[in-house]
Amino acid sequence: MGWLWAIIVGFVLGLIAKAILPGKQHSPLWLTTVFGIIGAVVGNWLATQFGINETKGIDWGRHALQLVAALVVVGLGDAAYMAVRGKKRTA
């Protein structure tokens with residue numbers, strides 16, 4: 001069930017990041033989900049490094065780090081997607 005939960009969280013984080021980022025993102029929904037999953041993993045790793053990965057109640061710090069990481073990954077991933085897609089179109 002862990003992989004299913006990772007897909008759901010990645011999907012939600014990817015969509016939130018896509019909504020927050022200014023401008024239009026061109027990456028498809030499946031790629032946005034992958035970017036969200038990567039952002040969640042990076043955010044969890046950062047939370048572990050800061051010692052806030054497990055707290056009593058809701059882990060607001062961990063969730064904030066996951067969202068920030070998803071924002072960065074979605075932004076960079078979309079730029080890379082457009083660079084690759086743009087090169088394919090001109091060829």
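# Why these terms apply

Reader: Why is leucine 15 called partly exposed?
Author: Leucine 15 has a relative accessible area of 35%. Buried means under 20%, exposed means over 50%, and partly exposed is what lies in between (1.4 Å probe, protein chains only). The value of 35% falls in between, so leucine 15 is partly exposed.

Reader: Where do these values come from?
Author: This is a predicted model, in which local features need pLDDT of at least 70 and side-chain atom pairs count only at pLDDT 80 or more, while totals for chains, interfaces and linings use all residues. Residues are numbered from 1 along each chain as its sequence is written, and side-chain values use heavy atoms, leaving out hydrogens and water.

Reader: What makes leucine 15 a member of a nonpolar surface patch?
Author: Patch residues have over 30% relative accessible area and no salt bridge (a side-chain nitrogen of Lys or Arg within 4 Å of a carboxyl oxygen of Asp or Glu). Like charges are joined within 9 Å, and nonpolar side chains (Val, Leu, Ile, Met, Phe, Trp, Tyr) within 5 Å. Leucine is on that list, and 35% is over 30%, so Leu15 meets the area cut-off. The patch covers about 1000 Å² and includes Trp3, Trp5, Phe11 and Leu29.

Reader: Which helix gives the largest share of the patch?
Author: Helix α1 (residues 2-20) gives ten residues, and leucine 15 lies in α1. Helices (H or I, at least four residues) and strands (E, at least two) are DSSP runs, numbered from the N terminus. By that count the protein has three helices and zero strands.

Reader: How do you know that the reach of helix α2 is close to the expected one?
Author: The expected span is 1.5 Å times one less than the number of residues. Helix α2 (residues 29-50) has 22 residues, for which 32 Å is expected, and reaches 31 Å from its first C-alpha to its last. After α2 comes glycine 51, with a positive phi near 80 degrees.

Reader: What makes a set of residues, Phe35 among them, a nonpolar core?
Author: A core is a set of buried Ala, Val, Leu, Ile, Met, Phe, Trp, Tyr and Cys residues joined through side-chain atoms within 4.5 Å. Phe35 is one of the buried residues of α2, and Phe is on the list, so Phe35 qualifies. The largest core has nine residues, including Leu13, Phe35 and Val74. Helices α1, α2 and α3 (60-90) each give two or more residues to this core.

Reader: Which residues does phenylalanine 35 contact?
Author: Contact means heavy atoms within 4.5 Å. Leaving aside neighbours within four places in sequence, phenylalanine 35 contacts Ser27, Val73, Val74, Gly77 and Asp78.

Technical notes
Accessible areas come from the Shrake-Rupley method with a 1.4 Å probe; for residues, only the protein chains shown count as cover.
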